[in-house]
Amino acid sequence: MSSTRSAVRTTGVAVRTMLLLTLVLGIGYTLLVTGIGQLLLPHQANGSPLPDDRGSALIGQSTTDAAGEALAQYFQSRPSAAGDGYDGTSSGGSNLGPENTDLVAAIEERRAVIAEREGVSADAVPADAVTASGSGLDPHISVDYALLQVPRVAEARGMSADEVRDLVESRIQGRDLGFLGEERINVAELNLALDEREGE
């Protein structure tokens, strides 16, 4: 009898503890953290959306036509190994090593295509132009790759190269904490700025 009463009491304590912890940690903590995020960092907490529902500043975008050809009026991102390209549900790299023959062939093919598109030698094509990021979703390119594309974008938009270069240079993001990583440019934000300037 006492063992039955003890088991009932233990079960009751366990159920009450579970309900209390669910309320405090599952609901209360979630609401607290969400509230702090909305109060202090609303843009980041909501996914860093771009204006006009054009995506997120945290995820790269494909700027190609239906046939997969690069749109001349836009800066191109680095390649993506996420699904069919910049698919947020399939984040990930190709996991191919630097000596993998398929990867080496893909890099050489990309280098040749970019060199022809930009009117430069293959040696002038930066590494980030031909290699995907680890997530496959990185919206950033190097300053060198952005500047390489300036003449093509300027010609396609009927703008001066100096005007486009100034816009690129105004969008350079510095190293994290002043020393981590490299200077970079968010392509999604840069292309949006170009569209906004053209619409003025």
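**Notes on a predicted model: rings, His140 and Val153**

1. A search of the whole structure turns up zero aromatic pairs. Please keep in mind that this is a predicted model.

2. A ring does feature in another kind of arrangement, though. Arg157 lies over the face of Tyr74, and the distance to the ring centre is 5.0 Å.

3. Now to His140, which belongs to strand β1, a run covering residues 140-142. Is His140 buried or exposed? With a relative accessible area of 18%, His140 is buried, because the cut-off for that label is under 20%.

4. Which side chain does the side chain of His140 meet in a polar contact? The partner is the side chain of Gln173, at 3.1 Å. Gln173 also appears among the residues that His140 touches once those up to four places away in sequence are set aside; Arg78, Arg184, Ile185 and Asn186 are on that list too.

5. Val153 is worth a look as well. This residue sits in helix α4, which spans residues 143-157. Val153 counts as buried because its relative accessibility is 0%.

6. What surrounds Val153, leaving aside its neighbours within four places in sequence? The contacts are Ala72, Gln73, Tyr74, Phe75, Val164 and Leu194. Tyr74 is thus a contact of Val153, and Tyr74 is also the residue whose ring face has Arg157 over it.

7. Val164 deserves one extra number, in case you want to check it in your viewer. From C-alpha to C-alpha, Val153 and Val164 are 7.7 Å apart in space, with a separation of 11 residues in sequence.

Note on methods: Residues are numbered from 1 along each chain as its sequence is written. This is a predicted model: local features need pLDDT of at least 70, side-chain atom pairs count only at pLDDT 80 or more; totals for chains, interfaces and linings use all residues. Side-chain values use heavy atoms; hydrogens and water are left out. Rings of Phe, Tyr and Trp (its six-membered ring) pair if their centres lie within 6.5 Å; planes under 30 degrees apart count as stacked, over 60 as edge-to-face and the rest as tilted. A charge sits over a ring if NZ of Lys or CZ of Arg is within 6 Å of the ring centre and within 35 degrees of the ring normal. Helices (H or I, at least four residues) and strands (E, at least two) are DSSP runs, numbered from the N terminus. Buried means under 20% relative accessible area, exposed over 50%, partly exposed in between (1.4 Å probe, protein chains only). A polar contact is a pair of N or O atoms within 3.5 Å; within protein, one must be able to donate a hydrogen and the other to accept it, and residues adjacent in sequence count only if both atoms are side-chain atoms. Contact means heavy atoms within 4.5 Å.
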